[in-house]
Amino acid sequence: MGRKGFTTRQVQGSGQTGATPRATPIYLTAGFTFDEFGAAGAHFDTGEGYAYTRIGNPTIEAVESTLAGLEGGTGALLLASGQAATSVALMTLVSAGDHVVVSNHIYEGTRGLLLDSLSRFGIDVSFVHDIHDPSAWEAAIRPDTRVLFAESISNATNRLLDVAEVSAVAHAHGLPLVIDNTFATPYLFRPIEHGADVVVHSASKFLAGHGAVIGGAIVDAGTFDVTSTLFPQLTERDRSGTPSPAERAGAGARLAYARESVGPRLGPTPSPLNAFLIGQGIETLSLRVERQSANALIVARWLATHDAVESVDYVGLDGHADHALAERLLPDGFGSVFTVTLRGGAAAAERVIEAVRTFTHMTHLGDVRSLVLHPASTSHIHLSDAERVALGVFPGTLRLSIGIEDAADLIDDLAHAFAAIAARDDLLV
Ligand SMILES: *Cc1c(COP(=O)(O)O)cnc(C)c1O
């Protein structure tokens, strides 16, 4: 055989180096070669081996296994965004005609998913406002309820969920509790240890940590009850007669179904490159979150004493309604995303945002850099005034996400920005 054509050689380089890298290699490939004829059939029959990145990829799986270990779950599924993680987690559990019970203190993207998107597919939702009252959760559950959903630490009001209390209510009805653990991260809080069945993350935030990628993850506790009759998609055989997820994966049925069916069919697969960056981020998670929590406490305490400040909503502060619960549930730090409300209202908030130099004005959180956003005119703009007030979002409210910078520089920056308000007496009411 002669030398192959240029175009053939161009696309058929070996790609193999024969080396053994210490860092997780980036398998940036759509698919994988089958080593022999039978390997292809075996993959399609039993899922064994690698074939196509939407179904499985070693870089993605390396991150999944690290994250599952950190959350104390039996497995994880990495997805293309936090929204994809919430969507896939819910669509694994609900079908048309089902109902979900959700904390009112949730990410606005999640509220939109429920009210605008899943509602179109016949999924009904009830919101629980007083999340510390188990009877409020209990009262919202109906015969067609299939899941309870909440955030461990919420936004915009900094509220901390007593996960054990809510999981007890869910389990009494044979229902799973799904917790969005984005704000806490598994370093500060592991919902599965408190009875949660599924954890979801926006990996775009603290897990990746550097603001470079969008990603999400589902971690499952492996607690599915195979005798349940509430989830036929998990316990009954499909149109091909293949053994059901419960028959094959037992208590791991939810994650098996999410990985094999919901995830790959809806298709929000993360890029292996993004998976690599999330994996790199996770390697320094504890160091960043420890520093961010310590910085946040310093900044929050400083803010609470400032004349221009009406209130600081941070679970780490003594006066916060959830502080006692936080001391019990968050021994390693109180997180680093919280709000501060200025006396001078929207005009003061605008002045501060325009004056800060070290803080970055953007809609993101959990970054190594400190960030600031005005929720009333951005993330919460489509709510009514009354809805905003119920969620702790006032005209003068700023959301801060504290980074790893030197705390003194953050306080300096805010002090300078507050001087910009003081330059206008009418804003210092
Ligand atoms: C950002 C965020 C999401 C959505 O995640 P994306 O990665 O932006 O899709 C979900 N939940 C919480 C708490 C978030 O902060």
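Helices and strands here are DSSP runs, numbered from the N terminus. With that in hand, let's walk through this predicted model, starting with its backbone oddities.

**Backbone oddities**

Ala156 sits in the loop between E4 and H7. The peptide bond that leads into Ala156 from Asn155 is cis, with omega near 5 degrees. Further along, Gly174 comes just after H7 and takes a positive phi of about 70 degrees. Thr185 also has a positive phi, about 65 degrees, although this residue is not a glycine. You'll find Thr185 in helix H8, which covers residues 185-188. Is Thr185 buried or exposed? Thr185 is buried, at a relative accessible area of 1%, and the cut-off for that label is under 20%.

**Helix H7 and its buried side**

Which residues of H7 (residues 163-172) are buried? They are Val163, Val166, Ser167, Val169 and Ala170. These residues span an arc of only 155 degrees around the axis, so they end up on the same side of H7. The general background is simple: an α-helix has 3.6 residues a turn, so residues three or four places apart point the same way. As for what covers the buried residues of H7, the list includes helix H6 (134-140) along with two strands, E4 (145-151) and E5 (177-180).

**Two helix pairs**

Two packed helices are described by the angle between their axes and the distance between the axes. Here are two such pairs:

| Helix pair | Angle between axes | Distance between axes |
|---|---|---|
| H4 (residues 82-93) and H5 (residues 108-117) | about 40 degrees | 10 Å |
| H3 (residues 58-71) and H12 (residues 272-282) | about 35 degrees | 8 Å |

Take H4 and H5 to begin with. The angle class that starts at 35 degrees and runs up to 65 is oblique, and H4 and H5 are therefore oblique to each other. Their crossing is right-handed. On the H4 side, Gln83, Thr86, Ser87 and Leu90 meet Gly109, Thr110, Leu113 and Leu114 of H5. Sorted by class, this contact of H4 with H5 has three nonpolar, five polar and no charged residues.

Now for H3 and H12, whose crossing is left-handed. H3 brings Thr59, Ile60, Val63, Thr66, Leu67 and Leu70 to the contact, while H12 brings Pro272, Ala275, Phe276, Ile278, Gly279 and Ile282. What classes do the residues in the contact of H3 with H12 divide into? Nine are nonpolar, three are polar and none is charged.

Note on methods
Residues numbered from 1 in each chain as written. Predicted model: local features only at pLDDT ≥ 70, side-chain atom pairs only at ≥ 80, totals over all residues. Heavy atoms only, no water. Buried < 20%, exposed > 50% of the residue type's maximum accessible area, 1.4 Å probe, protein only. Helix = DSSP H or I, 4+ residues; strand = E, 2+ residues; numbered from the N terminus. Arc of directions from axis to C-beta. Contact = heavy atoms within 4.5 Å. Axes fitted to C-alpha atoms, helices over the stretch in contact; angles between N-to-C directions. Parallel < 35°, antiparallel > 145°, perpendicular 65-115°, else oblique. Left-handed = near helix turned anticlockwise from the far one by under 90°. Nonpolar A, V, L, I, M, F, W, Y, C, P; charged D, E, K, R; others polar.
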